[in-house]
Amino acid sequence: MTTDKELFERANPVSKTAVTTLSQRAAAGYEKAAEILKRLNVDMDYYKNSAVTDERIRDVGILIHELRHVAMNRTIEESGINTIFDLPCGYSQRVFEMLDLGKTYVGGDLPAVIDSFLPVVNEMLTDEEKKRASFKVVDVTSYESLEKAVEHIDGPICITMEGLTPYLNKEEKKRLFANMKRLLAAKGGCWLAADAETMAYYRAGIGTFAKTKEEGQQMLNAFLTAFNSQSDSDIMGTILVERKGEKSSSDLNGGFDLNVVEKVYNSYGLNVERIPYYRDDIELKMFSKLTPEQIARLKTFIKDVHIWKITSNPDVSFDDSTQNSYEEGDFSSTFRNASGKLHIKLNGRVDSLTAPAFLKAWEEEFGNNKVDSVIIDCADLQYISSAGLRVLLIIKKALPDNELILHNVDEPIMDILDTTGFSDLFTVAD
Ligand SMILES: C[S@@+](CC[C@H](N)C(=O)[O-])C[C@H]1O[C@@H](n2cnc3c(N)ncnc32)[C@H](O)[C@@H]1O
């Protein structure tokens, strides 16, 4: 019997990465992270079972995730904003750290994460703390879900984003940018994006541990292999611009000119300030496990890596005409089986929140009836995210001849299929 959580995790495998991040922080020595892990019934050494099999890369992961978290907390404090919207919150211990600073905390994530985290965090918070903490189901590509998550908050919000953008495809990133502009324009505040230079901070971590250039290259390859097995998107393409020339893993930012990237943010009516990750006064628990030479190397390699502090430019509005309205449950599918030829009609948005319902409906059909081929009518499909595309792949793989035909595909959906490379995987017919 599949549970809702299993369905969510299969449609959104990224939700499991939050456990890895948490166990890396526990391994760095954060007691609250270790306690959350324990209460989630997860093994302390969970990160060792992740996609990363190269032990040296595990140490890099522990180091850079601690650095990212600490640099982010410092940047939050320096923003002076009282309400934190941690997006996505995963199973992060940040809620406790922010409450200790007297702040109000809103954590947003996909249902599988919120449903497991909420009971745990409720056990760990005092009644007074509970008044300042809330956890909401969101999909960052859905503006309505974000708006709803912070509707009880007056005044500016500090949106903190760690470990999400590398997992989003280009289309999802466009929606994220548009949604951040709308949210910041409505509430005020800032968006602290820790992952604009993901490749660069991983390279800094690798440079800290690698003894030779060759060893560094081996470690980088191990990291890229592990990442690619966890994500549909390309780690080198984590920022929303076309790559300059050939993909090059030796380039610190994977071939991106950060000034060009800033212009992309500007085109959404967003201003960017880059705040260095590293500062001489930074204290990491991991320092106790590093030699002075390694700390010096980290300092050198991380020098040009930044958290991006993004604010809404009041003089530039952004009209997102591609944005579809969305209400929870704004998705339906109908199935008609004609002697093994299954016709599916999709309505509304198939995103991280609704894809599990689509997967469930498909599995019920497939489990109970003979299905030889599938035709999907996309005439009323407004949007499909990578979670929805993943369900299409699951369907295709289950078919005897992998025969899945998409029908009535409008231009916006075709654009998504093209930009994600999925148009080559399915037959698109009129
Ligand atoms: C690597 S974890 C990072 C979590 C947290 N920021 C931390 O540092 O522990 C990535 C998180 O992104 C969440 N996520 C993925 N896609 C999402 C989406 N479309 N909307 C909201 N959250 C999403 C996953 O559920 C997961 O918790």
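Here is a walk through this predicted model, stop by stop, with something to select at each one.

Before you click, note that residues are numbered from 1 along each chain as its sequence is written, and that side-chain values use heavy atoms, with hydrogens and water left out. Because the model is predicted, local features need pLDDT of at least 70 and side-chain atom pairs count only at pLDDT 80 or more, while totals for chains, interfaces and linings use all residues.

**Stop 1: the ligand**

Select the ligand and show what is around it. You should find 21 residues, where a residue counts as near if one of its heavy atoms lies within 4 Å of the molecule. The closest are R25, P88, D109, D139 and E162. Colour the shell by type and you get nine nonpolar, seven polar and five charged residues. For that split, Ala, Val, Leu, Ile, Met, Phe, Trp, Tyr, Cys and Pro count as nonpolar, Asp, Glu, Lys and Arg as charged, and the others, Gly among them, as polar.

Now pick out the polar contacts (pairs of N or O atoms within 3.5 Å). Click D139: an N or O atom in its side chain is 2.9 Å from a nitrogen atom of the ligand. With V140, go to the backbone instead, where an N or O atom lies 3.0 Å from a ligand nitrogen. E162 also uses a backbone N or O atom, at 2.9 Å from a nitrogen of the ligand. On its own the ligand has 600 Å² of accessible area, and the protein covers 97% of that (Shrake-Rupley method, 1.4 Å probe).

Which helix gives the most to this shell? Select residues 17–28: that is helix α2, with four residues in the shell. Helices (H or I, at least four residues) and strands (E, at least two) are DSSP runs, numbered from the N terminus.

**Stop 2: a cis bond**

Zoom in on P88, in the loop between β1 and α5 (94–100). The peptide bond from L87 to P88 is cis, with omega near 0 degrees. You have met P88 already, among the residues closest to the ligand.

**Stop 3: the seven-stranded sheet**

Switch to cartoon view and trace β3-β2-β1-β4-β5-β7-β6, an open sheet with mixed pairing. Strands pair here if DSSP finds at least two bridges between them. β3 (133–137) and β6 (270–276) stand at the edges with a single partner strand each, so one side of each has no neighbour in the sheet. On average, neighbouring strands are turned by 20 degrees against each other, direction ignored.

Next, select β1 (residues 83–86) and β4 (residues 157–161), which run parallel and are joined by four bridges. I84 stands opposite C158 in β4.

Then add the helices. α6 (residues 111–124) packs on the sheet, touching β2 (104–109) and β3, and its direction makes about 155 degrees with that of β3. Contact means heavy atoms within 4.5 Å, and angles run from 0 to 180 degrees between N-to-C directions of axes fitted to C-alpha atoms, for helices over the stretch in contact. α12 (residues 258–267) touches β5 (189–193), β6 and β7 (306–312), at about 140 degrees to β6.

**Stop 4: the five-stranded sheet**

Move on to β8-β9-β10-β11-β12, another open sheet with mixed pairing. Its edges are β8 (331–338) and β12 (427–429), each with a single partner strand, so one side of each is left free of a neighbour in the sheet. The twist averages 25 degrees from one strand to the next.

Highlight β10 (residues 373–384) and β11 (residues 404–407): they run parallel, with four bridges. D377 has H407 in β11 as its bridge partner. Helix α14 (residues 355–368) lies across β8, β9 (341–350) and β10, at about 15 degrees to β8.

**Last stop: the hairpin**

β8 and β9 pair in the antiparallel sense over eight bridges, and S332 stands opposite N347 in β9. Two residues sit between the strands of this hairpin, where S339 takes a positive phi near 50 degrees.

Conventions:
Polar contact = N/O pair within 3.5 Å; in protein donor to acceptor, adjacent residues only side chain to side chain.
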